[in-house]
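Biologist: Please take one part of this model and look at it closely, setting out how its rings and charged groups are arranged and what surrounds them.

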Amino acid sequence: MNISYYYYCLKPFVPRQFQIFMRRKIARAKIAKHSDCWPVHPEAADQPENWTGWPENKKFALVLSHDVDSRKGYEKVLKLMELELELGFRSTFNFVPRGYDCSSEVLKNLKRNGFGIGLHGLTHDGRIFKNKKKFDKSVPEINNYLHSFQTKGFSSPSMLGNLDWISQLDIEYDCSTFDTDPFEPQANDVETIFPFIVVNSSQTRSFVELPYTLPQDHCLFIILQEKDISLWQKKLDWIAEKGGMALLNSHPDYMRFDHNDHATETYPVDYYKNFLNYIKEKYEGQYWNALHSEVAKFWKEKMSHHRLVLAKTYKKSALSHLKKTIWIDLDNTPHVPFFIPIKSELKRRGYRVVLTARDAYQVKELAKKNDLFFKTIGRHYGKNKIKKLMGWLLRSIQLIPFVLHNKPDLAVSHGSRSQIFISNLFRIPTVLIADYEHSRPAPFSYPRWLIVPEILKETNLPSKRILTYDGLKEDVYVPFFTPDPSILKKLSISEDEILITVRPPAIEAHYHNPESEDLFYSFVDWVLGNHKVRIILLPRNIKQEKEIRRKRPQWCLDKRVVIPGEVLNGLNLLYFSDLVVSGGGTMNREAASLGAPVYSIFRGPIGLIDKQLEKDGRLVLIKSPKDFPKIKIEKRKKVLRVGLQARPTLNQIVNHIEEIIRLEMQ
């Protein structure tokens, strides 16, 4: 039993005006909190695997639905039908059989004119979803009404529902979820603007789920008190651009057909009429206006492979019921490109992936540049050990609301101590993907699982559950790289200039050795004094950039040293560089993976991977200024390494994550 049930039990005893007043207050507070995912949720546009498009190559599907909640709404059904007929649209009306008498003549009239019929629960209070025993008792009566109305469609009252229970009904489609809607009493958001096939937990029955994807009219015009249809237009335009399903669920109960009628809790029917005209005028010939039953039939025939099996434990959230949720925390800049293909592959395999990002270095900026949807939580607190420890603890606490809201089944990172700590606290299995054996966990932040390169398997690692992959972690994303020479023009660098990319050391890292910082300044001074080159300098944050400009103001005066004003595509810059000098591990390995000459000025404990790269001749370790003559300052021919696209690392890592989920969920 949940709080929504108690609300609908008490609802008849609460004055309607007070209900609306409180809902408006709550909704206004939610708008700011959910502005990043309502009315548009960026993740919802991902197309299903092997998607080939709508019938007749239409740009998007348009599905119109009307939940008829009360007798007042029932009396307006035929007026609404006539309005849609006049404008050339068809829709489906969902009735509440125990809420009012449904005339067989009205139902016949609707069907005769090409409209659809559906069932909207038994009553409109959602009490049948109080518990499974109560729902099971209601199943025969609901099925009788479905047969009586000659329909195979269902829509949960008040969007309260349980997809597994609903599978017991004699239906072909259901409309009890939404792509994103923080204003509904139950979290039935599914983060998709496409239909999908639901298979019950016992895998004996299935139906097509049609989530509504446009804000409902009552929420928009009564609760949020919008005075125009701009939000409908905005969402429709986005759905049309992405080629999804625009499903609008509106209610004749709240439509005001008589201009002289000033009843409360209504809005002018002209809003709906204007929206239909907007669709007709802007998208004439581009949409497939179909009934729910027609979309369900099409989806079963063309997309039968797109099936989601329900979990046996229902968490009062449609998403957690449909998919396992994997939480990825982006804690440092290199994590962004690394996790992009992992996230995409996990989503392709049917998992829900949620992201958090720390406001550190350029993590946020890089994530935004790559169109990732994430929640920014916490920041960096500098190199002071006490501040770092307090910052780690504070960010761990800040992650708690995210964990409670998203209920992840697995937490994955490439070194997020805060994520591992809070996940351990909530008994969420953790996966640390690591490639540096000298990094040590914070207190109580030991991961349950480790995924590491094969070469690190026998080292002293902070877990006994170890899975391995071939090659470098950079092999996950480097194979997707395509060179773009426009970067040289953007940086005002000619093709005949020798271009050196330089990355200063991470002075705030716990493993930092001041020798590396001295080596960085000495190298740049040496190369500028002895060679005609252009240097692209990539400080790790604003603080480091200011410190460099303070210590070496002359570097940037003649523009031989350029500090970019925006986040660049790191791989693209490395590819067009003639050589790379870096005080960090990831950029060294990215350059090595691309085949660019790379010299490491890192002076912390040298990891096995860098030692192996040095042994293979793919990296040169610079230990002191005496080694500078080893650095070849010359133009090089830019060619991608052979076999770049054939690296198995991505699939190995994702396969390991799937195996961990299987083992943990047993």
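Aromatic contacts and a helix

Modeller: In this predicted model, the charged end of Arg465 lies over the ring of Trp449, at 5.9 Å from the ring centre. Aromatic rings also meet one another, and a search of the whole structure returns 39 aromatic pairs. One of them joins Trp51 and Phe298 edge-to-face, with 6.5 Å from centre to centre and 90 degrees between the planes. This pair links distant parts of the chain, since Trp51 belongs to the loop between α2 (16-33) and β1 whereas Phe298 belongs to helix α11 (residues 292-302), 247 residues apart. Trp51 and Phe298 are both buried. Phe298 also pairs with Trp299, again edge-to-face, where the centres are 6.3 Å apart and the planes make an angle of 65 degrees; both Phe298 and Trp299 are buried. These residues belong to one aromatic cluster, formed by Trp51, Trp54, Phe194, Trp288, Phe298 and Trp299.

Helix α9 offers a second view of buried side chains, among them Trp232 and Trp238, together with Leu231, Lys235, Leu236, Ile239 and Ala240. The buried residues of α9 pack against β1 (60-68), α8 (217-223), β8 (245-250) and α10 (269-283). The length of α9 can be checked as well: because each residue should add 1.5 Å, the 13 residues of α9 (residues 230-242) should span 18 Å, and this agrees with the 18 Å between its end C-alpha atoms. Just after α9, Gly243 adopts a positive phi of about 75 degrees.

Key: Residues are numbered from 1 along each chain as its sequence is written. This is a predicted model: local features need pLDDT of at least 70, side-chain atom pairs count only at pLDDT 80 or more; totals for chains, interfaces and linings use all residues. Side-chain values use heavy atoms; hydrogens and water are left out. Helices (H or I, at least four residues) and strands (E, at least two) are DSSP runs, numbered from the N terminus. The expected span of a helix is 1.5 Å times one less than its number of residues. Buried means under 20% relative accessible area, exposed over 50%, partly exposed in between (1.4 Å probe, protein chains only). Contact means heavy atoms within 4.5 Å. Rings of Phe, Tyr and Trp (its six-membered ring) pair if their centres lie within 6.5 Å; planes under 30 degrees apart count as stacked, over 60 as edge-to-face and the rest as tilted. A charge sits over a ring if NZ of Lys or CZ of Arg is within 6 Å of the ring centre and within 35 degrees of the ring normal.
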